Structures are given as C-alpha cells and as structure tokens.
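Here are a few notes to read with the model open beside you. Have a look at it first, then work through the points.

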Amino acid sequence: MQRTAKRRENACVPVPLSLFAQTSANFVFSTRKTAQGKCRQVGQPPLLFTLGRMGACNQADLAKALHISPATIAVSLKRMEKSGFVKRVPDPGDLRSNRIELTERGRRAAASADHAIRRVNQQMYRDFTPEEFSQIVHFYQRMQQNLIRLKQELYGQEEPTCAN
C-alpha cells in the first residue's frame with residue numbers, strides 16, 4: 001500500500017526530460033571523441049559496434065537491432081559505404097537481397113567504436129556499486145517495458161517505423 005502511494009506521489013514530480021537527452025548526447029559525443037575521429041558521424045560508433053557484433057546482415061535486421069527506422073539506417077549506410085566502412089554483398093540465401101558487411105577499414109573503426117563504447121560505459125558507471133548498477137539496469141528494463149506497452153497502445157497491431 002505504501003509503495004503504491006509512493007508511486008502516485010512520484011508520478012506528480014516532473015522528471016526533467018532534458019536529463020535523458022543530456023545523458024544520451026553526452027554518451028554519444030564522448031563515444032565519438034573516444035573513437036579518435038575514426039567515426040565521423042554521430043551514429044557511426046553504435047552502428048559499427050553492432051555490425052561488428054552481428055557480422056554481415058541485412059539492412060532490416062540492423063535497423064531492428066539498433067531500434068531505428070529502416071530509412072534512417074539506409075541514409076547512414078549510404079554515407080558509410082561512400083566512406084569505405086561498409087560494403088553491400090549479395091545474400092547467398094536470397095540473391096535479390098544484399099547483406100551489409102564491414103570492410104577492413106570498417107573492422108578497424110568497429111574495434112575503435114567497441115573500445116570507445118566500453119570506455120565511456122566504464123566511466124559512466126564508475127562510482128556505482130554493484131547493487132546500484134543492478135538497480136539501474138532493472139529500472140531501465142522497467143522503463144523499456146512501460147514504453148513498449150505504450151507503443152502497443154498507440155499503434156495497436158500496426159508496426160511502427162522503429163523496432164522494439
């Protein structure tokens with residue numbers, strides 16, 4: 001009963017949206033700077049990191065893994081292909097489709113992005129105890145579930161442009 005009352009009380013206290021935006025922006029720009037200029041565009045470190053982890057994959061799977069729209073991923077990949085980070089290769093399972101693959105330059109940049117993301121994460125959670133870290137992960141998971149439920153309410157059975 002007391003926990004329910006506390007939840008209602010907290011619902012009335014506005015959490016500054018800018019705190020989330022600032023944290024996200026600081027993470028992105030710190031990661032990019034830590035990657036030592038190997039990733040020019042803001043979205044490249046997470047994209048390279050993810051593609052490095054997933055291996056060659058199609059554009060739709062990459063967009064879904066990154067929780068961004070297929071249109072956004074297409075623009076980023078076009079830029080990265082032009083810069084020599086990725087290449088498109090025919091999908092052996094479906095010759096009508098292409099898979100996105102890192103080039104040698106892309107693999108070096110992905111390794112740099114991996115290092116940068118790990119370093120920034122380490123710094124971001126530096127003063128957290130294991131219990132606090134566990135709590136924050138739990139809170140993020142709850143927020144994600146709440147937002148997934150909201151998305152389902154808003155879109156119904158429609159699939160929104162971004163992945164879950």
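1. Let's begin with one helix: Glu104 and Arg107 both sit in α6, 3 residues apart, or about one turn. (Helices are DSSP runs of H or I, at least four residues; strands are runs of E, at least two; both are numbered from the N terminus.) Arg108 is also in α6, 4 residues from Glu104.

2. Before going further: this is a predicted model, where local features need pLDDT of at least 70 and side-chain atom pairs count only at pLDDT 80 or more, while totals for chains, interfaces and linings use all residues. Residues are numbered from 1 along each chain as its sequence is written, and side-chain values use heavy atoms, leaving out hydrogens and water.

3. What does Glu104 pair with? Glu104 makes a salt bridge with Arg107, at 3.3 Å between the closest N and O atoms, and another with Arg108, at 3.9 Å. (A salt bridge puts a side-chain nitrogen of Lys or Arg within 4 Å of a carboxyl oxygen of Asp or Glu.) Glu104 is partly exposed at 44% relative accessible area, and Arg108 is partly exposed at 48%. (Buried is under 20%, exposed over 50%, partly exposed in between, using a 1.4 Å probe and protein chains only.)

4. Elsewhere, Arg96 bridges to Asp94 at 3.1 Å. Arg96 is exposed at 78%, whereas Asp94 is partly exposed at 26%. Arg53, Asp114 and Arg118 are joined in a salt-bridge network.

5. Now try Leu62. Beyond its neighbours within four places in sequence, Leu62 is in contact (heavy atoms within 4.5 Å) with residues including Leu47, Ile73 and Leu77.
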